Amino acid sequence: MSKKGNNNAGAVLAGLLAGAAAGVVLGMLYAPEEGKETRKKIRDKADDLANQAKDQYGQVTEKVKDQYNNISSQVKETTDKVVSSVKEGYDKYKTQAANTVAEVSKDIETELDGLK
């Protein structure tokens with residue numbers, strides 16, 4: 001998930017929680033109850049909303065960690081494959097170069113022996 005997607009999800013979550021909190025507070029303030037009881041209900045509802053926000057934060061954090069771990073694993077696997085391919089290519093061309101040098105050396109020795 002991109003950073004922009006995470007920011008949008010966080011903004012939407014924050015907006016929903018703020019809207020819910022404002023609605024609850026306004027509803028309680030206009031309810032025909034005693035001030036002490038209303039304040040207690042507001043405090044309880046605020047605690048509930050705070051707990052919900054913590055739960056949502058924990059869930060989002062876990063999802064981000066999981067995605068990070070998945071991407072990290074994929075990058076490591078890809079890197080390992082590239083390194084392996086480069087090593088194989090290097091070994092292949094190193095062997096070919098050594099064989100070519102050996103053949104050229106043998107040809108030169110043969111030519112030099114023929115000149116003697």
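This is a short tour of a predicted model, from its overall make-up down to a few residues in one long stretch of helix H2.

Some ground rules come before the details. Because the model is predicted, local features need pLDDT of at least 70 and side-chain atom pairs count only at pLDDT 80 or more, while totals for chains, interfaces and linings use all residues. Residues are numbered from 1 along each chain as its sequence is written, and side-chain values use heavy atoms, with hydrogens and water left out.

**The overall picture**

The protein has two helices and zero strands. Those labels are DSSP runs numbered from the N terminus, with helices being H or I over at least four residues and strands being E over at least two. Helix H2 covers residues 35–115. Of the 116 residues, 3% count as buried. Here buried means under 20% relative accessible area, exposed means over 50%, and partly exposed sits in between (1.4 Å probe, protein chains only). The accessible surface adds up to about 9900 Å², and 58% of that belongs to carbon and sulfur atoms. These areas come from the Shrake-Rupley method with a 1.4 Å probe, and for residues only the protein chains shown count as cover.

**Salt bridges along H2**

Side chains of opposite charge can pair when their charged atoms come close. A salt bridge here is a side-chain nitrogen of Lys or Arg within 4 Å of a carboxyl oxygen of Asp or Glu. By that rule, the count comes to two:

| Salt bridge | N to O distance |
|---|---|
| Asp44 and Lys40 | 3.0 Å |
| Asp80 and Lys76 | 3.1 Å |

Asp44 and Lys40 both sit in helix H2, four residues apart, or about one turn of the helix. Asp80 and Lys76 also both lie in H2 and are four residues apart, again about one turn. How open are these side chains to the surroundings? Asp44 counts as partly exposed because its relative accessibility is 33%, and Lys40 gets that label at 39%. Asp80 is partly exposed too, at 42%, but Lys76 is exposed because its relative accessible area is 53%.

**Where H2 meets earlier residues**

Leu49 lies in helix H2 and is buried, because its relative accessible area is 15%. What does Leu49 touch, not counting residues up to four places away in sequence? Its partners are Ala20 and Ala21, where contact means heavy atoms within 4.5 Å. Leu49 and Ala20 are 29 residues apart in sequence, yet 8.4 Å apart in space, C-alpha to C-alpha.

Ala53 is in helix H2 as well. Its relative accessible area is 28%, so Ala53 is partly exposed. The C-alpha atoms of Ala53 and Leu13 are separated by 8.5 Å, although the two residues are 40 apart along the chain.

**A nonpolar patch**

Val104, Ile108, Leu112 and Leu115 make a nonpolar surface patch of about 400 Å². Patches are made of residues with over 30% relative accessible area and no salt bridge; like charges are joined within 9 Å and nonpolar side chains (Val, Leu, Ile, Met, Phe, Trp, Tyr) within 5 Å. One of the patch members, Leu112, is in helix H2 and counts as partly exposed because its relative accessibility is 47%.
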